[in-house]
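Trainee: I'd like to learn how to read a model like this one, feature by feature. Could you walk me through it?

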Amino acid sequence: MTTDAVARLREQVRRLERRNFPHSHADTLPTGHSAVDDHLGGGLRTGSLHDFLISDPLETGASLAMLLPILKEGRGPVFWISDTPAELNACGLHQSGVSLEHLLCIETQPDNLLSVAEDVLRGPERALAVVAGRHVPTLKEIRRLNLAVEASGNTGFFLRSAPLAQAPGKDPCACATRWRILSQPSSPVSLPGLGMPRPGSRRLSAALLRVRGGRPAHWILDCTDHAPLSRSLDALLAHRAPPAFPPGRLSDRQTTRCARAGT
Amino acid sequence: MHALAHNRHTVTGVSPAALAAGLTPGMPLAQARSLVPDLLTAEEDAEAQRAALTDLCSWLIWLSPLPAFDAPDGLYSDTTGCAHLYGGEATMLDLVRERLQARGHSCSVALSDTAAASRALARSGIDQICLVPPGQQKQALHPLPCSALPLPDKTLATLTRLGLTTIGALTDLPRAPLARRFGAQRLTCLDEALGRQASPLSVFQPADRISLTRSLVEPISTSDAIATVIAALVPVVCEKLTARGEGARQLDFLCVRVDGSIQAVRVGTSDPTADVPRLTRLLRDQIPQIAPEFGIETVILTVSANEPLEARPERSVLPDGAGSSETGLPATLIDRLLNRPGVISVYQLAPRFSAWPEDGQSRISPGDVAEPADARQMLWARPNILFDLPVRVQVTALHPDGAPRQLILKRQTYRIAAADGPERLLGEWWQTTESYGAIRDYWQVETTTGLRLWLFRKGDGAHEWSGSGDWFLQGVF
């Protein structure tokens, strides 16, 4: 067999394996948690879809705590596609390190959510798309989007509400990974002079329910970006409102001190 | 219409009603006012008149490709070889007058062998059509007054004094004494009118719209066929745009159906572009909006708004792997989204200085994020998710420092394990009276299940004027 024929066969195999795209070399988006990255072989794969199940609207923050560092790593602008007005907060995102210049929010009608997402993901432009909608995409719709992201190398993230009782997340999944991320109690930090302890570094319970070509796993993750006392202690204590003591409960010494301070 | 000439106001233009009342152009304004006491006058605006004339001149290009100005209130059009398109010269002149009247102008039209003769004929006969057969302009000009020729007032006055009132009288005179008496320039004027000497027109080149019309051999109705037509038209339009150094900001795609109705599609771009794939894709996305019904027989693609294309390098000179071009917002994709049916809004978020967090950001159109992200120091963490309408919750607060202990939201009780706060925010008393003295104490709390919430209490907890003391959930970290 000539080398020409071998090359042709190789090309056929490559096409069958959908690796004939220029970005086929496995590019990953690191999550920032070494345990997760090791398990997934470097992070979440680009050119695929990732499914984040949100069990409760209040738990959205936990999924975002996982997702935002990934979006920060990703090259290309972030498209936040939703069928309701996005409840994102510019100041909070800025603090999380997401560049607001590269974040574009798109609000669509509920019927057009996935077609707009496909348009963004299929286009020749680099894009990361976060699709937040109430609609649960069917396998067919996800496969269609899968073809789009495979062709373009863009990455899509689904943020969808799936209450734990109704949708345990065991149904078949065409996405590359499926996550359910819940909040986990952190270890609070007690400081002298405060009635309540401060929240410690954020802790997440990340369940990898499904992963293509891999094993499901579960981790308890500490988010280091919310490290306790990331600012200096005097700054921390400076901008607090004075505790509202009932007038009669101040001791004599405190009263005189207040009087001297002119309050 | 009046204008200041030689230290007095002179009437320069009159309406038909004023003409009937006996007013003529050239009359002093004072005299006109004495004739008609309730005369409505307006000062002449030369600039606006010139703009309107330019407008009319570019409109006149339908007649022939060679229109020219005859300032301040006339237009030439070289219609050599055009008359048969409109069914003969007489029909053409009727059509010109009809269309000009439809635009609200009263006009007199004249057609002859030379531009100068036509000018003289048109200006001498107000509101009429004058068609001179070839080679007969001398006879046509014979009875006209000398003032029809573009001669200076001084020459005209001299001619009148000499008794030469018509052009015919002027042409009958021997040429040599005439040239000696009035100068060669005056004679040239006469020669041009009579066709003895050719005078070129300075042809106006109007910046017309780029518009392509294609009549289809057979009516089309499938989306594939429309896509093919678009793919055929867009490269031609882009070529024309590139030749002009301009880019399209808005395209109109009109489909004339067999039944005569027009299906119109309009797409806009965020920056001037002459990019074939980009415009093709924009238009192709609109195909579902077109209802061909019985079929489309004519398509028209018009660039309805264009701007100069900014010269910028197509690609960066250095090959960039993860350069700025990758992270920047792709204009092509944003155009597509903005023009797409089903998309409600496309925006970016920008922080804004405001006392209350729910007003702390603004939605801006894509690509407008000029100012760097908010540089003001924020000591306290802000949540990623923020509710525009804070949700009322019931909170059991721990006295004396006011930290919340327990929270009831939608009949569900959350116990609070840790809290950070309070961050005191003061209302914008300079904006509204309700905000005067308003205080909110914000707390970041963590429940025993690990939920991180952003709560606030209206008021400082001690004074009624600062707030009601109710608790609200404003965001989720």
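Trainee: Let's start with strand pairing. In β7(A), which residue is the bridge partner of Leu128(A)?

Mentor: That's Thr155(A). Since this is a predicted model, take each pairing as something the predictor proposes. Leu128(A) opens a wider picture: strand β6 (residues 128-133) of chain A pairs with β7(A) in the parallel sense, over 6 bridges.

Trainee: Which strand besides β6(A) is joined to β7 (residues 155-161) of chain A, and how do the two run?

Mentor: Strand β3 (residues 49-54) of chain A is joined to β7(A) by 6 bridges, and the two run parallel. One pair to look up there is Phe52(A), whose bridge partner in β7(A) is Leu159(A). While you're looking at strands, here's a general idea: side chains in a regular strand alternate between the two faces of the sheet.

Trainee: Now the contact between the chains. How many residues does each chain put in?

Mentor: People often give the size of an interface as the accessible area lost when the parts come together. Here we count residues instead: 59 from chain A and 62 from chain B. On the chain A side, the elements giving two or more residues are α3 (60-73), α4 (90-95), β5 (103-108), α5 (113-122) and β8 (177-184). That side of chain A divides into 26 nonpolar, 19 polar and 14 charged residues.

Trainee: Which strand of chain B does β5(A) pair with, and in what sense?

Mentor: β5(A) pairs with strand β11 (residues 343-351) of chain B, in the antiparallel sense, over 4 bridges. To find the spot, go to Glu107(A), which stands opposite Ser345(B) in β11(B).

Trainee: On to helix packing. At what angle do α9(B) and α10(B) pack?

Mentor: Helix α9 (residues 175-182) and helix α10 (residues 184-194) of chain B pack at about 125°, and their axes are 6 Å apart. An angle between 115 and 145 degrees falls in the oblique class, so α9(B) and α10(B) are oblique to each other.

Trainee: Which residues meet there?

Mentor: From α9(B), Arg175(B), Leu178(B), Ala179(B) and Phe182(B) meet Ala184(B), Arg186(B) and Leu187(B) of α10(B). By class, that contact has 5 nonpolar, no polar and 2 charged residues.

Trainee: What about backbone angles? Which sign of phi should I expect?

Mentor: Most residues other than glycine have a negative phi. Chain B holds some cases that go the other way. Glu293(B) has a positive phi, near 55°, and Lys410(B) is at about 50°.

Trainee: Where do Glu293(B) and Lys410(B) sit?

Mentor: Glu293(B) lies in the loop between α12 (276-284) and β10 (296-308) of chain B. Lys410(B) is in the loop between β14 (403-409) and β15 (412-426) of chain B. As for exposure, Lys410(B) counts as exposed because it has 7 C-beta neighbours inside 10 Å. Glu293(B) has 13 such neighbours inside 10 Å, so it counts as partly exposed.

Trainee: Can we try that on a helix residue? How many C-beta neighbours does Arg284(B) have inside 10 Å?

Mentor: There are 16, so Arg284(B) counts as partly exposed. Arg284(B) is in helix α12 of chain B. Not counting residues up to four places away in sequence, Arg284(B) touches Ala227(B) and Ile230(B). Ile230(B) is 54 residues away along the chain, yet the C-alpha atoms of Arg284(B) and Ile230(B) are separated by 7.3 Å.

Trainee: And a strand residue, say Ser362(B): which strand is it in?

Mentor: Ser362(B) lies in strand β12 (residues 361-364) of chain B. Leaving aside neighbours within four places in sequence, Ser362(B) is in contact with Ala350(B) and Arg352(B). With 13 C-beta neighbours inside 10 Å, Ser362(B) counts as partly exposed.

Trainee: Last topic: confidence. Where in chain B is it lowest, and where is it highest?

Mentor: Helix α13 (residues 324-327) of chain B is the lowest, with a mean of 45, and strand β18 (residues 471-476) of chain B is the highest, at 90. Over residues 313-326 of chain B, pLDDT stays under 50, and the model has 7 contacts beyond four places in sequence for that stretch. Chain B as a whole averages a pLDDT of 81, and 91% of its residues score at least 70. The model scores ipTM 0.77 and pTM 0.62.

Technical notes. Residues numbered from 1 in each chain as written. Chains lettered and ligands numbered in written order. Predicted model: local features only at pLDDT ≥ 70, side-chain atom pairs only at ≥ 80, totals over all residues. Contact = placed C-beta atoms within 7 Å. Nonpolar A, V, L, I, M, F, W, Y, C, P; charged D, E, K, R; others polar. Pairing = 2+ DSSP bridges. Axes fitted to C-alpha atoms, helices over the stretch in contact; angles between N-to-C directions. Parallel < 35°, antiparallel > 145°, perpendicular 65-115°, else oblique. pLDDT = per-residue confidence, 0-100. Buried ≥ 20, exposed ≤ 12 C-beta atoms within 10 Å, placed from the backbone.
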